[in-house]
Each structure stands twice: as C-alpha cells, then as structure tokens.
Amino acid sequence: MKKTVVLDVVGLSYSLIGEHTPFLKQWFASKHQATIDPMLPALTTSVQSTYVTGKWPNETGIVGNGWYDRTDSEVKFWKQSNKLVAGEKIWERAKKIDPNFTVSKMFWWYNMYSSADYSATPRPQYPSDGMKIADCYTHPGDLRDRLQQELGTFPLFQFWGPATTIKSSRWIADASMLVDKWHNPTLTLIYLSHLDYCLQKFGGPASGQDFSKIANDLREIDDVCRDLIQFYEKQNAEVIVLSEYGITNVSKPIHINRILREAGMIRYREERGLEVFDAGASPAFATPDHQIAHVYINDPTVFNKVRSLLEKTPGIELVLDKEQQKKYHIDHERSGDLVVVADADSWFTYYYWLDDARAPDYARLVAIHQKPGYDPVEMFMDQTNPLIKLKAGYKLGRKMLGFRYLMNVISLDATLVKGSHGRIGTAPEHHPVFVSSQNVGKSLLATDVYDKIWETLAVDKLEKQTK
C-alpha cells in the first residue's frame, strides 16, 4: 500500500491561503484542490468520525462533540473512547487485506482504546488533591514516556484555554515524525488545531478585510505544515491536507438555555449560593455546540411549546424534529428531540443562569467535561478584572507550590467570541478543504473523504491482486 499521511488543519479554508501561508500556497498550487461540503454538524468529532468510517452521524452515533446520556441523565462532552464510534474504521478494513498495515493516530479524536497501532491524545492527570497536570495518553503506553523524554511534557495548557499557542501543534507534529521514524506506519492521521483558536477569538477575514489579527498564527501553522509535508515527502509518502470545517464570523451569542429557563424548562440545584445545572430534572434543555444545539425533552407534554418557542427565537435558522433530522443524516438515539441550527451571524452558549454572581464555579474555569455544552469563552480571561493576570499568576504560584487552587479566571462575556462553525449553508470560500495529488473534482461530500483516502492507499489494487 502507498504510505499516506492525512494532515487535518482545523479551520482551514481557501480564504486563508495567501501571503501569510507561502508554503501552503505554493504546495496547493501543485496539487488538486477540492472543497468539502459542510456536513451537519460541522464539528470536530462528528466530521472526523465520518472521515474514518465513510458513514454519516446517524450511523456513527457521533452527533456532536457531546450529547445527553439519557440513561445516566448526564451531559457528556469530549469523551475519548473509540468504542463510542460505530462503524468499521478505514484502517480496520485495510488490515483485513494486508495484515502488515499499520496506522498512527496522532490526536485525532476518539483516540483511546481504538484499534490503531500507535496513538496519542490529550489526557491530563487529575490527582485526588484537585490538581490538573499536563499529560497525554498513548498506545502503546510506553510511547508517552518515549515522546515526552524527547519533546518534554505535552503542552496541554497551550492546547486549549487562554494560553493557547503554536506549541501544542508543534509538539503534535514533532511527535508524529518521531512515531514515523520509530515505526514507519502505513497511514498517519495528524490533527493540528492551532487555527481553531485565533479564528474563534478574532474571526476570519471577510472580503476586503486585513489579516492582521491572525497573520502570525497563519505563518506559524504554515511553518508546521511545511516541516511535516517535507519530512513525509522525503519518505515517499502521499500527503493529503484537509480540514473539518471553515470558521465564519459571528457577533450574536444565543443564550438558548436562558430562553428555556424563562419558559420554565430549566432546573438547577443551589450549592454554596451557586446554581448547578440539573439535566435529569429539567423538562427540556439544550446542549449547545458552536452553531448547533441538541434540545432534549424529558417531559413530552412540553414538546410543542418548546418547538414553537425556538422557532420564534431570533438567530435560530432551523428547528429539526426527529423526522426532519433524517434529511441531514443526524437522526440518532443520541440526537436531541429537536436539533436547532443558528443563522450565519449567531452561535449558542450553554449559559443557563440569569445572574453572573450565581454562575457555577466551573463557569469561570477551563472545564470542558463539567459544562453542559461547548464554551469557546474559555479562551478569554476575565478582562473586567484589571488584576486578572496577577490573580492568574497567584493561582499558578499556588499550583507550583503544591497548594490547592481554583484557576477561576475565565470571562463570562460571550460577545468576545468572533468566529464559529457547525452549521451548513456557508459560502464555498469558507468550506473545508481537500488537497492531494489525486484528481478529486471540485467538490466532495464528507463521506467521500473516506473513499479518497482509500484510493490514495491504493488498497483496491492490492485487493484485486489478492483475489
């Protein structure tokens, strides 16, 4: 089979290629370029799962980056087990034909307990004293130690949060090249998340606007891609560059759970004077995820009321019941009773409290597993506090000295977010990209990506020879 590398450059669209990405601009010009029609939802875990199975979310079960577990009565976001993804993975199919086929899965999602030969993913340590320590999880287990011995500890706090930098994507790139030197996998999947941060914080340049706020980030990811592509091409590998979605400008956060709360649908527990969300007790609630939200209805008698309320809410473009979800391949038992999609200028927050003084403690933390929805505001420190950096430094000092600490420095101002994704109907210049040596046409469906990777590996030819 052809040694193949897939670079997933998150948030990349052709609108970003130009003077600040000189290597990618030149490399793209020498290849075949296509756009990928955004799927619903255009979200990291859903799209990646479709790419590696060739199946839509109603088949993989990955209807978003998180969903409501109706059995546990808990909202669960950013889980890691590959067993959550239904469907045969592309490398599993390849291994049936060639038992020597190997795959390296570097930070693609649903990484843990997969059938990949080599893998790595963010995984902090959570000691019993409440600390949060940067780390990663690998398979085989000793791969973590080898990588961190060579590269230092995985820079988790530069991977997500207000301190995000190119360091995390650079670490992932360097780790991928080391795994290749040590094991020479047939297929390598690499996730580079750097553009996700600046584009959500600052937005992307619309027509006629300058790139000043994101120019340095573009140059940084261009350098990382250059190093990876040149390294793998020297190994005679076929390189595919793609993305999961493009990020478009937004200015209007929709506090969907506040809307539902004012309609009497949200329940919470009061703990230490703070309001802690109670999904299982709520007649209806939403799990927001960028520009889509799954709305779960525990009390069937309020279904029509909730649907009518959401259909009248400014900024909501689509309200899909289970039957309507079939059109978009998102009808699944994990999906909400309603799936709502924002318009082009809007996105959904998870906020459910009405008074910031009563927000739960996790609201001001980077706490992706505790919040009942995705929270891009985690990339912003609370600038209403002029001493916020001193506060953060003090908290960090407590951590370094081994004392308990609460890094409660995150803003609650959702208007800070300037870019989002997840919806369909975006302009082609903001569609995800697919670039390779193959002539793949001008436009692909998300499910086609699986086929194009398969064709690049040339497994079909080997399969015919075997027969």
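1. Over how many bridges do strand β15 and strand β17 pair? In this predicted model, β15 (residues 292-297) and β17 (residues 338-342) pair over 4 bridges, in the antiparallel sense. One position in this pairing is Ala293, whose bridge partner in β17 is Val340.

2. The two strands belong to an open sheet of 4 strands, ordered β14-β15-β17-β16, with antiparallel pairing. At the edges are β14 (284-289) and β16 (316-320), each of which pairs on one side only. From one strand to the next, the twist averages 20 degrees.

3. A helix accompanies this sheet. Helix α10 (residues 303-311) lies across β14, β15, β16 and β17, and the helix runs at about 5 degrees to β17.

4. A hairpin is found elsewhere in the chain. Strand β3 (residues 66-69) and strand β4 (residues 74-77) run antiparallel and are joined by 4 bridges. Trp67 stands opposite Lys76 in β4. The hairpin has 4 residues between its strands, and Ser73 takes a positive phi near 55 degrees there.

5. Aromatic contacts come next: the structure holds 23 aromatic pairs. One of them is formed by Phe107 and Phe159, with 6.5 Å centre to centre and 50 degrees between the planes, a tilted arrangement. Phe107 lies in the loop between β5 (103-106) and β6 (118-122), while Phe159 lies in the loop between α5 (141-151) and α6 (167-183), so the pair ties together parts that are 52 residues apart in sequence. Phe107 and Phe159 are both buried.

6. Phe277 and Tyr352 form a further pair: the ring centres are 5.3 Å apart and the planes stand at 40 degrees, so this pair is tilted. Phe277 is in strand β13 (residues 274-277) and Tyr352 is in the loop between β18 (346-348) and α12 (388-400); the pair thus links distant parts of the chain, 75 residues apart. Phe277 and Tyr352 are both buried.

7. Phe277 and Tyr352 are also members of a cluster linked by ring pairs, along with Tyr68, Phe285, Tyr296, Tyr350, Tyr351 and Trp353.

8. Two arginines lie over tryptophan rings. Arg93 lies over the face of Trp454, at 3.8 Å from the ring centre. Arg146 lies over the face of Trp182, also at 3.8 Å from the ring centre.

Technical notes
Residues numbered from 1 in each chain as written. Predicted model: local features only at pLDDT ≥ 70, side-chain atom pairs only at ≥ 80, totals over all residues. Heavy atoms only, no water. Pairing = 2+ DSSP bridges. Phe/Tyr/Trp six-rings, centres within 6.5 Å; stacked < 30°, edge-to-face > 60°. Buried < 20%, exposed > 50% of the residue type's maximum accessible area, 1.4 Å probe, protein only. Lys NZ or Arg CZ within 6 Å of the ring centre and 35° of its normal. Axes fitted to C-alpha atoms, helices over the stretch in contact; angles between N-to-C directions. Contact = heavy atoms within 4.5 Å.
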